[in-house]
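Let's take a walk through this fold together, from one helix outwards to the whole chain. Have your viewer ready.

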Amino acid sequence: MTKGNLVTSFGFLTSLRETGTGASPRVEEAPLKFESELGKRLSFHHAHASIPAYHYDLALEQDAERKIGWLLKLLFAGTAAAVGYQFFPYMGDNLMQQSVSLLKVKDPLFKRMGASRLTRFAIDDERRMKIVEIGGAQELVNMLGAAKDDRTRKEALKALAALSHSDEAAGALHHAGAISVIKSTPDSLNDAEVEKYKSSLLKRFQDPRYDIPS
């Protein structure tokens with residue numbers, strides 16, 4: 001090849017490189033595809049690597065919410081208890097009356113609720129007599145006489161036992177016919193507390209003043 005031919009070939013190759021007509025599209029696109037694929041893989045790994053951190057943060061957030069919830073509940077309960085302690089003396093008579101009213105409901109559940117409340121109220125002679133005055137003693141005797149299950153009998157006997165600690169209240173129970181009703185209460189094989197309260201009341205009324213018939 002002559003010197004002139006070499007110059008001509010070199011000029012032709014130079015013009016092809018400058019114009020880009022001789023470059024293969026696949027050769028030019030390969031680096032772009034590689035960079036795109038690499039970017040996708042890096043984004044995928046980054047996203048999956050962040051999942052454990054996300055769950056950890058979510059668990060911390062949920063735990064914090066639970067703790068705050070319990071704290072608010074405790075604060076509410078404490079406030080309610082404090083308010084109740086301050087206003088309970090003023091609400092006592094009304095609650096006693098409501099409790100006696102529950103004894104008149106046919107549903108045994110409400111009867112048990114009323115008797116349970118009266119048991120908690122009957123902590124001194126003054127309150128025991130207040131229960132007697134609003135008809136609680138008579139309603140408890142009626143409840144015991146009509147009871148069909150051990151749970152209802154137990155709550156009635158428990159409330160009567162609480163009232164009987166006062167001599168005046170015990171006399172009112174005697175006049176309400178409590179002695180005969182207590183004696184006729186069926187024995188329980190399943191609930192020892194029924195027998196305990198029944199025996200306690202019968203022992204309480206063994207005083208000659210109450211004249212238990214033989």
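How many of the 14 residues of α6 are buried? The answer is eleven, which leaves this helix mostly covered. Before we look closer, keep in mind that what you see is a predicted model.

Helix α6 covers residues 150-163. A quick geometry check works nicely here: at 1.5 Å a residue, its 14 residues should span 20 Å, and the end C-alpha atoms are indeed 20 Å apart, so expectation and model agree. At the start of the helix, look for D149, where a side-chain oxygen comes to within 3.2 Å of the backbone nitrogen of R151. Further along, the buried residues include T152, E155, A156, L157 and L160. The charged residues R153 and K154 are also among the buried ones. What do the buried residues of α6 pack against? Their partners are α3 (108-121), α4, α5 (136-146), α7, α8 (178-183) and α9.

R153 deserves a stop of its own. This arginine sits in α6 and counts as buried because its relative accessible area is 12%, under the 20% cut-off. Leaving aside residues up to four places away in sequence, R153 touches L144, A147, K148, T185 and P186. With A147 there is also a polar contact, as the side chain of R153 reaches the backbone oxygen of A147 at 3.5 Å. If you measure from R153 to I182, C-alpha to C-alpha, you should get 9.8 Å, although the two are 29 residues apart in sequence.

On α8 you can pick out S180. S180 is partly exposed, because its relative accessibility of 48% falls between the 20% and 50% cut-offs. The C-alpha atom of S180 is separated by 9.8 Å from that of V141, which is 39 residues away along the chain.

Now for the charged pairs. Over the whole structure, a search finds eight salt bridges. One group forms a network, in which salt bridges link K154, D191 and E193. Another bridge joins the side chains of R204 and D167, with 2.6 Å from N to O. This pair ties together distant parts of the chain: R204 belongs to helix α9 (residues 192-204) and D167 to helix α7 (residues 167-175), 37 residues apart. Both partners are partly exposed, R204 with a relative accessible area of 22% and D167 at 45%.

Two further bridges can be found around α4. D125 and R128 meet through their side chains at 2.8 Å, N to O. Both belong to helix α4 (residues 125-133), where they are three residues apart, about one turn of the helix. Is R128 buried or exposed? R128 counts as buried, because its relative accessibility is 10% and the cut-off is 20%. Its partner D125 is partly exposed at 44%. The other bridge connects the side chains of D124 and R127, at 3.8 Å from N to O. Here D124 has a relative accessible area of 29% and R127 has 28%, so each counts as partly exposed.

For a view of the surface, turn to helix α2, which takes in residues 25-103 and holds L72. L72 is exposed, because its relative accessibility of 54% is over the 50% cut-off. Together with I68, L71 and L75, L72 makes a nonpolar surface patch of about 410 Å².

Finally, step back to the chain as a whole. Which kinds of element does the protein chain have? There are nine helices and zero strands. Of the 214 residues in the chain, 27% are buried. The chain exposes about 15,100 Å², with carbon and sulfur atoms supplying 61% of that area. As for contacts between residues at least 6 apart in sequence, 62% of them join residues at least 24 apart. The bridge between R204 and D167 links distant parts of the chain, and α6 brings its buried residues against six helices you can now locate, among them α3, α5 and α8.

Note on methods
Residues numbered from 1 in each chain as written. Predicted model: local features only at pLDDT ≥ 70, side-chain atom pairs only at ≥ 80, totals over all residues. Heavy atoms only, no water. Salt bridge = Lys/Arg side-chain N within 4 Å of Asp/Glu carboxyl O. Buried < 20%, exposed > 50% of the residue type's maximum accessible area, 1.4 Å probe, protein only. Helix = DSSP H or I, 4+ residues; strand = E, 2+ residues; numbered from the N terminus. Expected span 1.5 Å × (residues − 1). Contact = heavy atoms within 4.5 Å. Polar contact = N/O pair within 3.5 Å; in protein donor to acceptor, adjacent residues only side chain to side chain. Patch = residues over 30% accessible without salt bridge, like charges linked within 9 Å, V, L, I, M, F, W, Y side chains within 5 Å. Areas by Shrake-Rupley, 256 points an atom, 1.4 Å probe, with all protein chains shown as cover.
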